[in-house]
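Q: I haven't looked at this one before. Can you put it up so we can go through it?
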Amino acid sequence: MSESTPFPPSPVVPATLEGQAPLQFRCRKGIACWNACCSNIDIALTPVDIVRLKQRLGLASWEFLQQYTVPYEMEKDGIAGVKLRPVEGGTACRFMTPEGCSVYEDRPTACRYYPVALLAMRKQDESVDRQYYAIVREEHCLGHQEPRTQSIDAYRAEQGVLEYDEAARGWRQLILKKKSSGPTIGKPSKRSLELFFMTCYDVDRFRAFVASDAFAGVFDVPDEELRTALVDDLVLLQFGWRFLRQVLFGETTIALRGEGVEQRRARVAEQRARLEREAAERLARDDDEGGAFVDV
Ligand code: SF4
Ligand code: SF4
């Protein structure tokens, strides 16, 4: 009698590997399984993937998000992620063509890595995160039978992954930090989740926010630094990681304008005074009318 489990077996080989580990694999046009991997996708995008793809397609980030992605919950009660949206009513990637990937030069990190999975980890006794890898073996993928072996690091370099990983490092560190944070930070407010989403995935909206008077009223960014960030999506992403570390975890690396902080304090105090005044007036009215006590 064959054993049955309620879950399908995972295609991820259960071994954590370092970059020097050997990988026997080759994907080539003409292989019998050509495009099988792109016919049934589950591809999470990094902020860098989104920038590269939206630039290639000539879209604003919010247009790209709307047309080509679906949001998903990267962690329970936590941070949202973004995945590639497959073709309408199907599972294939919208960039797949009979000749292969139509956005090959700007294909996402996960497509470059395949059949390797990146595991960014921070060990308990270490202060910096490290990259480890796992091999994904799916039955349909015949690339594992090809007679070519190289290290995972050499494969990463060949697939152009290094610059993608470097550019997305700050984002991965933010997620690791979020995962290892205490219960208060572990359940961020709706507002902070929205900020995270905009800063990481909707870079053109984040640009508009950084260029706004409201931002300038609170944050004191040197003109040259601001100019450089505003004209370059990838530089803006790096600035975004700093911004998020500041607003989510209190790591202040962007100077605050004294005036802006004072103004905000004054506004909060004024708001509080107005609410107290209104509550007192309401109480007095209820007393006059002999009505029920309303807890405000
Ligand atoms: S982006 Fe390209 S490589 Fe990635 S799943 Fe789509 S067609 Fe395949
Ligand atoms: S070898 Fe693997 S990665 Fe290449 S086309 Fe076939 S299924 Fe896709």
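Q: How do the residues of the shell around ligand 1 divide into nonpolar, polar and charged?
A: This is a predicted model. In it, the shell around ligand 1 has 10 nonpolar residues, no polar ones and 1 charged.

Q: Which residues surround ligand 1?
A: Three cysteines, Cys93, Cys101 and Cys111, are there along with Cys38. The others are Ile41, Ile43, Phe95, Met96, Val103, Arg107 and Pro108.

Q: And ligand 2, which residues are around that?
A: Cys27, Ile31 and the run Cys33, Trp34, Asn35, Ala36 and Cys37 are around ligand 2. Tyr114 is there too, as are His140, Cys141, Leu142 and Gly143.

Q: How many of the shell around ligand 2 are polar, and how many charged?
A: 3 are polar and no residue is charged; the other 9 are nonpolar.

Q: Switching to strands. In which sense do E2 and E4 pair, antiparallel or parallel?
A: Antiparallel, over 2 bridges. E2 covers residues 44-45 and E4 covers residues 80-84. Leu45 stands opposite Val82 in E4.

Q: How many bridges join E3 to E4?
A: 5 bridges, and E3 (residues 69-73) runs antiparallel to E4. There, Val70 stands opposite Lys83.

Q: What about helix H11, how many residues has it?
A: H11 has 17 residues, 233-249. From first C-alpha to last it reaches 23 Å, close to the expected 24 Å.

Q: Which of its residues are buried in H11?
A: Asp233, Leu236, Leu237, Phe239, Gly240, Trp241, Phe243, Leu244 and Leu248 are buried.

Q: What follows H11?
A: Gly250, with a positive phi near 70°.

Methods
Residues are numbered from 1 along each chain as its sequence is written. Chains are lettered from A and ligands numbered from 1 in the order in which they are written. This is a predicted model: local features need pLDDT of at least 70, side-chain atom pairs count only at pLDDT 80 or more; totals for chains, interfaces and linings use all residues. Helices (H or I, at least four residues) and strands (E, at least two) are DSSP runs, numbered from the N terminus. The expected span of a helix is 1.5 Å times one less than its number of residues. A residue is buried if 20 or more other C-beta atoms lie within 10 Å of its own, exposed if 12 or fewer, and partly exposed in between; C-beta atoms are placed from the backbone. A residue is near a molecule or strand if its C-beta atom, placed from the backbone, lies within 6 Å of it. Ala, Val, Leu, Ile, Met, Phe, Trp, Tyr, Cys and Pro count as nonpolar, Asp, Glu, Lys and Arg as charged, and the others, Gly among them, as polar. Two strands pair if DSSP finds at least two bridges between them.
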